[in-house]
Amino acid sequence: MSINFDERRSFYRMAVNCCIEYTICDEPVKHTAKGKNLSAEGVKFITDHEVVEGQSLDIIVYPIVQMHEPLYAKAKVVRVDKDQSANKYIVGVSMKETNQ
């Protein structure tokens, strides 16, 4: 595996394939998503439910290996792209507060 150090991000992104649950703050409904990558400051995931840039979310990232605790975080949506062919949303969030 090679790492592209030309990328101008503060933290390396690690590819993940995990389950994520999230709620839009002040809403009681839980939604599920599939995690795509994780960094020290953010998460990228794919979901069926539309979210809007700027929304605040409570997220839980469940590890694949059950030896680790889930990551709980308060996050803000910073990017949303719609995958028209799959009718899904690709969401990038910035984590503001975590249990770690």
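Which residue in β4 is the bridge partner of N37? In this predicted model, N37 pairs with K44 of β4. That bridge is a handy way into the fold, so let's start with the overall layout and then walk through the strands.

## The overall picture

There are 0 helices here and 7 strands. Read from the N terminus, the order of elements is simply β-β-β-β-β-β-β. The chain has 100 residues, and 31% of them count as buried.

As for how the chain folds back on itself, take the contacts between residues at least 6 apart in sequence: 48% of these join residues at least 24 apart. On the outside, the chain exposes about 7,000 Å², with carbon and sulfur atoms supplying 49% of that area.

## β2 and its two partners

Strand β2 covers residues 19–24 and pairs with β3, residues 30–38, in the antiparallel sense over 5 bridges. Two of the facing positions are easy to pick out: I20 stands opposite A33 of β3, and E21 has T32 as its bridge partner in that strand. The hairpin of β2 and β3 has 5 residues between the strands, and D26 there takes a positive phi near 75 degrees.

β2 also pairs with β5, residues 56–62, again in the antiparallel sense, this time over 6 bridges. On this side, T23 stands opposite D58 of β5.

## From β3 into β4

Back to the strand that holds N37. β3 and β4 pair in the antiparallel sense over 5 bridges, with N37 and K44 as one of the facing pairs. The hairpin that joins β3 to β4 does so through 3 residues.

## The nonpolar core

The largest nonpolar core has 20 residues, and those with the most contacts inside it are V43, F45, L57, I59 and V93. Two or more residues each come from β2, β3, β4 (42–47), β5, β6 and β7 (88–98). As a rule, nonpolar side chains in soluble globular proteins tend to be buried together.

V43 shows how the pieces meet. Leaving aside its neighbours within four places in sequence, V43 is in contact with I20, N37, L38, I59, V61, V91, G92, V93 and M95. So N37, the residue we opened with, turns up again as a contact of V43, alongside its bridge to K44.

## One aromatic pair

How many aromatic pairs does the structure hold? The count is 1. The rings belong to Y22 and F45, and the pair is tilted, at 5.3 Å centre to centre with 35 degrees between the planes. Because Y22 lies in strand β2 and F45 in strand β4, the pair ties together parts that are 23 residues apart in sequence.

Are Y22 and F45 buried or exposed? Y22 has a relative accessible area of 1%, so it counts as buried. F45 is buried too, at 0% relative accessibility.

## Cysteines without disulfides

A search of the whole structure turns up 0 disulfides. Why is C18 not bonded to another cysteine? The closest cysteine sulfur is in C19, and it sits 7.5 Å from the sulfur of C18, which is too far for a bond.

The surroundings of the cysteines vary. C18 is buried, with a relative accessible area of 10%, whereas C25 counts as partly exposed at 28% relative accessibility.

## Two valines toward the outside

V65 is found in the loop between β5 and β6 (71–83). At 42% relative accessibility, V65 counts as partly exposed. V65 and C18 are 47 residues apart along the chain, and their C-alpha atoms are separated by 9.6 Å.

V80 lies in strand β6 and is also partly exposed, with a relative accessible area of 25%. Setting aside neighbours within four places in sequence, V80 is in contact with V51, V52, E53, Y89 and I90. The C-alpha atoms of V80 and G54 are separated by 9.8 Å, with the two residues 26 apart along the chain.

Notes
Residues are numbered from 1 along each chain as its sequence is written. This is a predicted model: local features need pLDDT of at least 70, side-chain atom pairs count only at pLDDT 80 or more; totals for chains, interfaces and linings use all residues. Side-chain values use heavy atoms; hydrogens and water are left out. Two strands pair if DSSP finds at least two bridges between them. Helices (H or I, at least four residues) and strands (E, at least two) are DSSP runs, numbered from the N terminus. Buried means under 20% relative accessible area, exposed over 50%, partly exposed in between (1.4 Å probe, protein chains only). A nonpolar core is a set of buried Ala, Val, Leu, Ile, Met, Phe, Trp, Tyr and Cys residues joined through side-chain atoms within 4.5 Å. Contact means heavy atoms within 4.5 Å. Rings of Phe, Tyr and Trp (its six-membered ring) pair if their centres lie within 6.5 Å; planes under 30 degrees apart count as stacked, over 60 as edge-to-face and the rest as tilted. Accessible areas come from the Shrake-Rupley method with a 1.4 Å probe; for residues, only the protein chains shown count as cover. A disulfide is a pair of cysteine sulfur atoms within 2.5 Å.
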